[in-house]
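Colleague: I am new to reading models like this one. Could you walk me through the words used for it?

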Amino acid sequence: MLFRSQLSANLTATSDYRFRGISQTQNGAAVQGGVDYAHESGFYIGNWNSTVSKQLYPNGMGIEADLYAGYKKDIYNGLTIDVGSYNYFYPNSQVAAGNPSFTTNEAYVGLGYGPVTAKYSYSLSTYFGISNSTGSGYAQVDLLQPVGFIDNLNVVAHYGNTSVAKNSSLNYNDINAGLVYTLPKSYDLGVKYYTNSAMTTAFQNSNTVNGQKLYKNAVVASLTKTFE
């Protein structure tokens with residue numbers, strides 16, 4: 001039996017790179033892009049990259065490079081399962097010799113039905129340079145719902161909870177919601193509002209750099225081009 005496959009790429013310009021609600025670019029703009037390979041059997045693999053702040057990831061190249069692979073399949077009448085591994089790399093970046101690396105490896109499992117997906121990620125390594133944080137978890141629920149009376153317009157919403165192992169003072173929730181409009185020639189224009197909750201003083205201090213609050217509420221606009 002022959003299987004079909006699909007290769008695609010994407011390129012994005014965004015006013016801020018927010019990861020789990022936290023700015024990775026000190027509330028500044030970022031350029032992002034990636035390549036994805038999806039096989040008809042359900043297997044997929046990909047790479048995604050973004051510019052990041054060199055102050056947040058010192059001694060590095062100012063780049064985040066991610067590698068991921070997994071398996072996604074419809075298991076029953078539109079109910080999909082998605083399992084895999086997501087791995088975050090920050091080339092040469094480290095706070096100081098002897099400190100944990102920012103490199104983070106996660107395993108995940110997700111379920112999707114209609115416009116809603118739920119996913120849980122579990123860190124197999126230390127969590128983004130935090131000591132003794134292996135086993136941290138991230139739970140999320142996402143919505144992608146077409147607006148019926150306006151073609152090519154979707155409402156998107158997200159809720160996530162970060163639970164840092166052995167560092168509960170760094171736990172928090174992140175929320176965002178907005179609109180994504182598909183333009184001709186495979187362009188997507190997005191606008192989202194980001195906010196966070198259940199933040200401790202320790203969390204706020206660790207996510208403040210040179211007086212800049214990386215967790216502050218923000219409106220983020222992005223433009224993505226997909227190549228297939």
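Modeller: Gladly. Let us begin with a term: a salt bridge is a side-chain nitrogen of Lys or Arg within 4 Å of a carboxyl oxygen of Asp or Glu. Please keep in mind that this is a predicted model, where local features need pLDDT of at least 70, side-chain atom pairs count only at pLDDT 80 or more, and totals for chains, interfaces and linings use all residues. Residues are numbered from 1 along each chain as its sequence is written, and side-chain values use heavy atoms, with hydrogens and water left out.

Colleague: What makes Glu106 and Arg20 a salt bridge?

Modeller: Their closest N and O atoms are 3.0 Å apart, and the cut-off is 4 Å, so the pair qualifies. Glu106 lies in strand β8 and Arg20 in the loop between β2 and β3 (22-23), so the bridge ties together parts that are 86 residues apart in sequence. Strands here are DSSP runs (E, at least two residues), as are helices (H or I, at least four), numbered from the N terminus.

Colleague: How many salt bridges does the structure hold?

Modeller: There are 2. Besides the bridge between Glu106 and Arg20, Asp16 pairs with Arg18, again with closest N and O atoms 3.0 Å apart.

Colleague: Why is Glu106 called buried?

Modeller: Buried means under 20% relative accessible area, exposed means over 50%, and partly exposed is in between (1.4 Å probe, protein chains only). Glu106 has 1%, so the label buried fits. Arg20, at 10%, is buried too. In the other bridge, Asp16 has 6% and Arg18 has 8%, so both of these count as buried.

Colleague: Let us turn to the rings. Why is the pair of Phe19 and Tyr88 called edge-to-face?

Modeller: Rings of Phe, Tyr and Trp (its six-membered ring) pair if their centres lie within 6.5 Å; planes under 30 degrees apart count as stacked, over 60 as edge-to-face and the rest as tilted. For Phe19 and Tyr88 the centres are 5.4 Å apart and the planes stand at 70 degrees, so the pair is edge-to-face. Phe19 belongs to strand β2 (residues 18-19) and Tyr88 to strand β7 (residues 79-89), 69 residues apart. With relative accessible areas of 16% for Phe19 and 5% for Tyr88, both rings belong to buried residues.

Colleague: And what makes Tyr57 and Phe102 an edge-to-face pair?

Modeller: Their centres are 5.0 Å apart and their planes are at 75 degrees, so the edge-to-face label applies again. Tyr57 sits in the loop between β5 (43-51) and β6 (63-76), while Phe102 sits in the loop between β7 and β8 (104-113), 45 residues apart. Tyr57 has 8% relative accessibility and is buried; Phe102 has 7% and is buried as well.

Colleague: Which cluster do these residues join?

Modeller: One aromatic cluster includes Phe19, Tyr57, Tyr88 and Phe102, along with others such as Tyr127 and Phe128. The structure holds 13 aromatic pairs.

Colleague: How do you know that the charged end of Lys119 sits over the ring of Tyr108?

Modeller: A charge sits over a ring if NZ of Lys or CZ of Arg is within 6 Å of the ring centre and within 35 degrees of the ring normal. The charged end of Lys119 is 4.2 Å from the centre of the Tyr108 ring. Likewise, Lys225 has its charged end over the ring of Phe227, 5.4 Å from the centre.
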